[in-house]
Amino acid sequence: MTRQELIEQIRLKRSFLCVGLDTDPKKIPQCVFDLHDPVFEFNKAIIDATAPYCVAYKPNLAFYEAYGLKGMESFVKTVRYLQEKHPHHLIIADAKRGDIGNTSEMYARTFFEEYNVDALTVAPYMGEDSVTPFLKYEGKWVIVLALTSNKGSHDLQLTQDADGERLFEKVLRVSQQWGTDENMMFVVGATQGRMFEDVRRVAPHHFLLVPGVGAQGGSLEEVCRYGMNEECGLLVNSSRGIIFASQDDHFAEIAGNKARELQQQMDEELRKHQL
């Protein structure tokens with residue numbers, strides 16, 4: 001999916017919602033356990049209920065890899081279902097890969113050739129040669145970890161060098177030499193508040209993938225006030241607050257309602273910013 005196609009979907013749906021498929025078999029409703037592949041069947045129901053209100057889905061690989069081949073089968077079936085039934089949604093594999101060059105090349109092949117997802121989260125700590133192999137694929141997105149939503153993010157990401165530049169600012173600045181706003185996004189956690197202003201000073205045009213709204217306590221209004229740009233420039237992710245909103249037989253319907261509520265709030269924010 002190109003940048004322009006993503007922008008068009010945001011305008012069409014009046015939404016910049018990304019639904020996180022962090023599907024934990026220990027949390028999914030009992031009513032799907034009698035089915036052959038409960039994780040996939042749960043994902044399928046969630047996807048069908050939320051698709052009108054979001055522009056992206058983000059399966060977190062940890063929740064599939066933890067169950068070995070069976071878990072990865074559920075992941076692949078989920079990706080294939082999205083590609084076949086909902087082809088206009090961006091598929092983000094939240095895998096946080098990144099290693100020496102030849103290893104990154106194999107990771108890139110895995111996700112962009114074998115699974116054919118649209119985007120992949122990447123850890124930039126090992127530098128340019130660990131990230132650039134992912135950028136060789138036309139029409140694919142690399143989403144670089146910059147300023148994350150977890151408490152421990154401050155341990156390293158806010159440390160300053162002798163010139164006063166913080167590590168996350170250096171990541172934003174240096175990585176823009178490797179890719180462009182057509183193939184690179186940045187992860188910035190919703191809990192970071194006004195620091196979105198600092199992010200936008202360094203990366204004014206790139207899309208930001210924003211986890212942490214909902215269960216983690218991030219404010220959608222604050223994210224938009226400080227992080228939205230002239231083309232929206234945001235993909236705000238919600239996982240638990242949508243997919244685990246209910247444990248009963250109507251879990252998918254309730255998930256759809258939660259997604260619609262967020263979409264309506266996003267529509268208001270887009271109007272505020274005259275988008």
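These are legends for a set of close-up views of a predicted model.

**View A. Helices α2 and α4 side by side.**
Here we're looking at α2, which covers residues 38-50, and α4, residues 68-85. Their axes sit 9 Å apart and make an angle of about 25°. Since angles under 35 degrees count as roughly parallel, that's the label this pair gets. As for handedness, the crossing of α2 and α4 is right-handed. On the α2 side, the contact is made by Val-39, Phe-40, Asn-43, Lys-44, Ile-47 and Asp-48. Facing them from α4 are Ser-74, Lys-77, Thr-78, Tyr-81 and Leu-82. Sort the contact residues by class and you get five nonpolar, three polar and three charged. If you're wondering about the spacing along a helix, an α-helix has 3.6 residues a turn, so residues three or four places apart point the same way.

**View B. Strand β1 and its surroundings.**
Strand β1 takes in residues 17-21. Five of its five residues are buried, so the rest of the structure largely encloses this strand. Leu-17, Val-19 and Leu-21 point one way, Cys-18 and Gly-20 point the other way, and all are buried. Strand β2 (residues 56-59) runs parallel to β1, and four bridges join the two. To find your way across, start at Gly-20 of β1 and look for Lys-58, its bridge partner in β2.

**View C. Strand β8 between its partners.**
Now for β8, residues 234-238, a mostly covered strand with five of its five residues buried. Both faces are covered. One side carries Leu-234, Val-236 and Ser-238, while Leu-235 and Asn-237 are on the other. β8 pairs with β1 in the parallel sense, over three bridges. A handy landmark is Asn-237 of β8, the bridge partner of Cys-18. Strand β7 (residues 208-210) also runs parallel to β8, and three bridges join them. For that pairing, look for Leu-208, which stands opposite Leu-234 of β8.

**View D. Helix α10 and what covers it.**
Helix α10 spans residues 220-227. Its buried residues include Leu-220, Val-223 and Cys-224, along with Tyr-226 and Gly-227. What lies over the buried residues of α10? The cover includes helices α9 (195-202) and α12, plus strands β7 and β8. You'll recognise β8 from the previous view, where Leu-234 and Leu-235 were among its buried residues.

**View E. Asn-116, with an unusual-looking backbone angle to check.**
Asn-116 isn't a glycine, yet its phi is positive, at about 60°. You'll find Asn-116 in the loop between α5 (101-114) and β4 (119-122). Is Asn-116 buried or exposed? Neither label fits: its relative accessibility is 37%, so Asn-116 counts as partly exposed.

**View F. Gln-274, after helix α12.**
This close-up moves to the segment after α12 (251-272), where Gln-274 lies. Gln-274 has a positive phi too, near 55°, and is a residue other than glycine. With a relative accessible area of 74%, Gln-274 is exposed.

Methods: Residues are numbered from 1 along each chain as its sequence is written. This is a predicted model: local features need pLDDT of at least 70, side-chain atom pairs count only at pLDDT 80 or more; totals for chains, interfaces and linings use all residues. Side-chain values use heavy atoms; hydrogens and water are left out. Axes are lines fitted to C-alpha atoms, for helices over the stretch in contact, and angles run from 0 to 180 degrees between N-to-C directions. Angles under 35 degrees count as roughly parallel, over 145 as roughly antiparallel, 65 to 115 as roughly perpendicular and the rest as oblique. A crossing is left-handed if the near helix is turned anticlockwise from the far one by less than a right angle, and right-handed if clockwise. Contact means heavy atoms within 4.5 Å. Ala, Val, Leu, Ile, Met, Phe, Trp, Tyr, Cys and Pro count as nonpolar, Asp, Glu, Lys and Arg as charged, and the others, Gly among them, as polar. Buried means under 20% relative accessible area, exposed over 50%, partly exposed in between (1.4 Å probe, protein chains only). Two strands pair if DSSP finds at least two bridges between them.
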